[in-house]
Amino acid sequence: MNDFFLTIILTLDATIRVSTPLILASMAGLFSERSGVVDIGLEGKMLASAFIAASAATVFGSPWIGLLAGILASCSLSMLHGFATITHRGDQIVSGVAINIFAAGMSIILGLAWFQQGGLTPTLTSDQRFLSLSLPGVDLFNNIPVIGTIYRELFSGHNLIVYLAFLIVPFIWWVVYRTRFGLQLRAVGENPKAVDTAGLSVNMLRYKALLVGGLLCGIAGAYLSIAHNAQFTRDMTAGQGFIALAALIFGKWKPYTVLSACLLFGFLDALAVRLQGVVIPGFGEIPVQLIEATPYLLTVILLAGFIGRAIPPKSVGQPYIKER
Amino acid sequence: MEESKYAIELVDIDKRFGPVYANNKVCLKVETGSVHGIIGENGAGKSTLMSILYGFYKADSGNIKVFGNKLQFNDSHQAIKSGIGMVHQHFMLVDNFTVIENVILGSEGGSLLHEGLKSARDELTRLGKEYGLKVDLDATIESLSVGSQQRVEILKALYKGAKILILDEPTGVLTPQETQDLFRIFTALKKEGVTIILITHKLHEIISITDNVSVMRGGKMVAHRQTSKTNREDLAELMVGRKVLLQVSKDEKIRGEVLLKVSNLSVRDSNNIDRLNDISFEIHAGEIVGIAGVSGNGQSTLLKVLSGITPVSSGTIEILGHKMDADNLIYPDQLRELGLAHVPEDRQRMGLIGNFTASETSIIGYHNDKRINDKLILNNSKVRENCKNLMSDFDVRPGNPDLRSDNFSGGNQQKLIVAREFERDPKILLIGQPTRGVDIGAIEFIHKRIIALRDSGRAVLLVSVELEEIMSISDRIVVLCDGQVSGRIDSKDADEKTLGMMMANVFSKEDNLEALSG
């Protein structure tokens, strides 16, 4: 029984760690898509940030410089996306896909050129990355049964970015629903004409949203290479940018529901890892692939209209052209 | 503070799009505190002129003075600051926002919403009381009627400090009662010294509400009149540049057999909402039945179901003796073969394909016709020749069958579609919004053609939001409200007030019968 309890706690603990980049990336997508720009390039931006963050951390020996460099890389790609889709009204999907391909190729080429380790970055030492933090009072609670274990295993022992990801969600809710920027952001994704005739600049608002998205996406990428892991590996995002996008849709573009979707998808991922190779008598090995495919399946089912309805911001995907 | 006699002075405004002058040396003076009408046909340059005034476009040359101050607008923000507010034809509202959120958008008064919302609420309540602009501030836009949405637009402009209010075709989507309300609001605004510019193509509105009127034609300002010293005929002539017959003349006609019979027809959409609910009526040969109603009350569904696009949920439709119900759908091409023609409401989306040439548009839906087909392929020269004849018959200009459909004006696109549907001499004609966005000259032409068709013993179903059109061409009128028949009346007994009350479903069933008999 005790063993089982610990297994659950550890799975939940893994859920938190796996969900972190999803939360940050989907919040990035939330800003971008709420402003009317489809952000399929989340994956590429995360990957670019992961690579640049690990490289900078290696070279400069500081996780903070790594994080900053990762954010810069991600923001540059965001601005590129903006230049193509906002200023020149290019197709948002095409631009996003281009960013994904660019990041996938460039991270390997530069990695080979810079570090000669087959596209990997050197393994980071502990002072070059974000380490797990021990929350105060772990020892104090340790003797209390159940609560002590939960506190020690689940709440304590994560790195800084994990705590940031969870704390940032209420802040983002507040920004989106309680500030002027949030109001304008929501309006520009719904009806850019209304924003334009109110004397506001549609393009400027969308650039701002993309910049915030780039920032969050950069943190998500840096988390992968200099916090969760200790080096950059090829294609280390492994589709998490797309899972984040799925979570954004599944969460109906609202901060808290998106957070729940990220946790659900993160949990499924953690579960798949935990169930790897587990044999159920009379059934055989659990098909882990099926569990891993669940986020996508759920999203498809949602989009088909079975679980409520996902209504995207009305003008998402459409470049704004002033007419008449 | 503003003691200038003129709220707006425009001097020699020029605006070109490529080689075409949208505005050519346009001058306009609008007196402070007056209601000033601007009329003109489509493409006369009214909207361009107002867009320049609102800072949406920049004029190529010319001067703008607002309350005596010379201004140069680069964007709407500056126009708003100088006291100009605009109510666009298509509302500029965010549908899933509340009224108050829409109003403060762009003038939130601080980076946090809390304070702005509070002061806006007080101010809006005051404005609402002062001008009779009642609307629930916390309702979302999508839950409001069109009339209320328009009031939100006006509130929005006033909240931003508008002293000059420009309204672009404000009554197109309103019931007659809502229009009356709007005009009452105008009067209240005028009393408070607000200047109103009303852009419209409805002559009777100009006559009933404005103090002065300016007429535009072909990008130029052709006349300024004091409304009290002019009349509808005079204005219509100025607009078109020739004499126009405003009232269509038609003879009494004896009606023949029933060609179209609708019994207890209901249509449910995919969300299981009744779009049409238990509708019954019939149309005889030699008769025009007009379907009146505020747009969005089931007229579009009616046209779609009668033309075979939307399936019937329950009830029956008998078309020329063929029965159509929930189990037997007759497809649009089969209906065409039977002799039913359909001029759809939305010509851009359903009537034509923009990047097809005029000759291709002229056969859409009839492309299997043996007359224009060789054994395997279309006989293009025949199609072209045929289209050329249609174009001269129906006065489509320019008469070039190789021009892309997009490049024709709205009126000429409509004439082309009408020509296509009339060509095969249909026994039943369904025609939706035949004159929406069409200029006066073309309206007159299309009306004449519809009446000619009726006189030759055909049945016509006319759907229109223009009451004047419904009353002047139809023989009988059926009014729809919320998917149900809310009134039936002979057009010779109909007037705007009665129809308006029917459209708002004020009458109960019994009153309705009384109105019919009385």
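This section describes the contact between chain A and chain B, then the cysteines and one buried glycine, in a predicted model.

The interface was examined at the level of whole chains. Contacts join 27 residues of chain B to 24 residues of chain A. Interface size is often expressed as the accessible area lost when the parts come together. Here the area buried between chain B and chain A is about 2200 Å². Carbon and sulfur atoms give 59% of that area.

Polar links also cross the interface. Two salt bridges are found between chain B and chain A. R186(A) forms a salt bridge with E101(B). The closest N and O atoms of this pair are 3.6 Å apart. Seven residue pairs are in polar contact across the interface, both residues of each pair being at pLDDT 80 or more. On the chain B side, three helices each supply at least two residues that touch chain A. These are α1 (46-53), α2 (76-81) and α3 (99-104) of chain B. The most comes from α2(B), with three residues. By class, the side of chain B that touches chain A has 13 nonpolar, nine polar and five charged residues.

Q184(A) shows the contact from the chain A side. Q184(A) sits in helix α8 of chain A, which spans residues 180-190. Its relative accessibility is 9%, so Q184(A) counts as buried. Beyond its neighbours within four places in sequence, Q184(A) contacts residues of both chains. In chain A these are V195(A), L200(A) and L205(A). In chain B they are L105(B), G106(B) and E108(B).

The cysteines were considered next. The count of disulfides over all chains is zero. C75(A) is in no disulfide, and the nearest cysteine sulfur, that of C217(A), is 9.2 Å away. The cut-off for a disulfide is 2.5 Å between sulfur atoms, so this separation does not qualify. C75(A) counts as buried because its relative accessibility is 12%, under the 20% limit. C27(B), at 31% relative accessibility, counts as partly exposed.

G293(B) was examined last. G293(B) lies in a loop of chain B, between strand β13 (287-292) and helix α9 (299-306). With a relative accessible area of 2%, G293(B) is buried. Residues up to four places away in sequence aside, G293(B) touches Q299(B), S464(B), V465(B), L480(B) and M503(B). L467(B) is 174 residues from G293(B) along the chain. The C-alpha atoms of G293(B) and L467(B) are nevertheless separated by 8.6 Å.

Definitions and conventions: Residues are numbered from 1 along each chain as its sequence is written. Chains are lettered from A and ligands numbered from 1 in the order in which they are written. This is a predicted model: local features need pLDDT of at least 70, side-chain atom pairs count only at pLDDT 80 or more; totals for chains, interfaces and linings use all residues. Side-chain values use heavy atoms; hydrogens and water are left out. Helices (H or I, at least four residues) and strands (E, at least two) are DSSP runs, numbered from the N terminus. Buried means under 20% relative accessible area, exposed over 50%, partly exposed in between (1.4 Å probe, protein chains only). Contact means heavy atoms within 4.5 Å. Buried area is the accessible area (1.4 Å probe) that two parts lose on being put together, summed over both. A salt bridge is a side-chain nitrogen of Lys or Arg within 4 Å of a carboxyl oxygen of Asp or Glu. A polar contact is a pair of N or O atoms within 3.5 Å; within protein, one must be able to donate a hydrogen and the other to accept it, and residues adjacent in sequence count only if both atoms are side-chain atoms. Ala, Val, Leu, Ile, Met, Phe, Trp, Tyr, Cys and Pro count as nonpolar, Asp, Glu, Lys and Arg as charged, and the others, Gly among them, as polar.
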